[in-house]
Amino acid sequence: MQKYVVLILTYNLEIILKEERHKLILREINLHNKVLTTDLSEHLIVSEDTIRRDLNELADLDLILKVHGGAMSKTFHYPFDGQHPVYAHQAKQVIAHKAIGLFKKDMLILMEGGTTIMEIAKQIPGDLQATFFTVCPQVALKLAEHENIDVITIGGRLAKNANIHTGAGVINELSNIKFDLCIIGTNGISVQNGLTDSDWEVVHVIKAMIGAAKKVAVVCIAEKFNTVQKIKISDISDVDYIITELSPDSPVLSAYTGKAKPVLI
């Protein structure tokens, strides 16, 4: 009898552990839009085979989208279908409202991709006259809904796991233009490691975007602060503004203020 009780308790513990893993995996995917199996394995201290099984189960439940080497958020991959709720949507709406305060008439504005930047594209005032460039086809389509702005896409090979154009052609085009303002997201941000990401090709494009602009604004929900991805994009001091849903005097942001630091919005 005692043997069966132990077996039942072990079985229940395994179920609980798996449920907790699934919650953590979903949070990582929603937070960073895409994750690698290897990173999840290291983060959760389980085998890659275990993570693959978890991702398959979550995909079968229609909660994530499996991609080569990992998984991504369905909202990030299908930003127009409205079937999948945007993670931290209210926070991203607040960020978008703040970011639009940087836009001025006749500016040349460069935008990356991602759900926060999609929210900015939705909220642009109807009377703004400006020219927007973007490396993201979904953002371009949303921007095109505004009658008074011109929209130009910078094309290249579409990185399906990031939904932006990448490659040497994109980087060369960016080097030929000087933008008034560049809006980028980030998958990791910390004082020590700066802006980071997990996609090598995306990192090169974002580096080129930063180098092509007079001013650079990073839009980022507070949950991403003090998180680090494997590949560095830039130092914090290379950007001019950090825009979050928090008040600039929030204790969460205290380490990001001071001399030679970005303006917090």
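**Exercise 1. Start from Leu110 and identify the residue that stands opposite Leu110 in strand 5. Then place strand 5 among its partners.**

Solution. The model is a predicted one.

Step 1. Leu110 stands opposite Phe133 in strand 5.

Step 2. Strand 4 (residues 108-111) runs parallel to strand 5, and four bridges join the two.

Step 3. Phe133 also stands opposite Ile152 in strand 6. Strand 5 and strand 6 (residues 150-153) run parallel and are joined by four bridges.

Step 4. The chain goes from strand 5 through helix 7 (residues 137-143) to strand 6, a β-α-β crossover that is right-handed. A right-handed β-α-β unit is also made by strand 4, helix 6 and strand 5.

Step 5. For the burial of strand 5 (residues 131-134), take each face in turn. Thr131 and Phe133 are buried on one side, Phe132 and Thr134 are buried on the other, and both faces are thus covered.

**Exercise 2. Give the strand order of the open sheet of seven strands, and state which strands are at its edges.**

Solution.

Step 1. The seven strands follow the order 6-5-4-9-12-14-15, with parallel pairing.

Step 2. Strand 6 and strand 15 (263-264) are the edge strands, as each pairs on one side only.

Step 3. Helix 9 (residues 200-211) packs on this sheet, where it touches strand 4, strand 9 (179-184) and strand 12. The direction of helix 9 makes about 145° with that of strand 9.

**Exercise 3. Describe the open sheet of three strands and explain why one side of strand 10 and of strand 13 is left without a neighbour in the sheet.**

Solution.

Step 1. The order is 10-11-13 and the pairing is antiparallel.

Step 2. Strand 10 (188-190) and strand 13 (231-234) are at the edges and have a single partner strand each, so one side of each has no neighbour in the sheet.

Step 3. On average, neighbouring strands of this sheet are turned by 35° against each other, direction ignored.

Step 4. Strand 10 and strand 11 (residues 194-197) run antiparallel and are joined by three bridges. Within this pairing, Gly194 in strand 11 is the bridge partner of Ser190.

Step 5. Helix 9 packs on this sheet through strand 11 and strand 13, and its direction makes about 10° with that of strand 13.

**Exercise 4. Determine which residues of helix 5 are buried and what covers them.**

Solution.

Step 1. Helix 5 (residues 89-100) has twelve residues and spans 17 Å from its first C-alpha to its last, close to the expected 16 Å.

Step 2. Its buried residues are Ala91, Lys92, Ile95, Ala96, Ala99 and Ile100. Because these residues cover an arc of only 170° around the axis, they lie on the same side of helix 5.

Step 3. Gln90 and His97, on the other side of helix 5, are exposed.

Step 4. The cover over the buried residues includes helix 6 (115-123), strand 12 (213-219) and strand 14 (241-243).

**Exercise 5. Decide whether His165 counts as buried or exposed, and list its contacts beyond four places in sequence.**

Solution.

Step 1. His165 is in strand 8 (residues 164-166).

Step 2. Its relative accessibility is 13%. The cut-off for buried is under 20%, so His165 counts as buried.

Step 3. Beyond neighbours within four places in sequence, His165 is in contact with Val135, Pro137, Ile154, Gly155, Gly156, Arg157, Leu158, Val170 and Val205.

Step 4. For one of these, Ile154, the separation from His165 is eleven residues in sequence and 7.3 Å in space, C-alpha to C-alpha.

Technical notes:
Residues numbered from 1 in each chain as written. Predicted model: local features only at pLDDT ≥ 70, side-chain atom pairs only at ≥ 80, totals over all residues. Heavy atoms only, no water. Expected span 1.5 Å × (residues − 1). Buried < 20%, exposed > 50% of the residue type's maximum accessible area, 1.4 Å probe, protein only. Arc of directions from axis to C-beta. Contact = heavy atoms within 4.5 Å. Pairing = 2+ DSSP bridges. Right-handed = clockwise from strand over helix to strand, strands pointing away. Axes fitted to C-alpha atoms, helices over the stretch in contact; angles between N-to-C directions.
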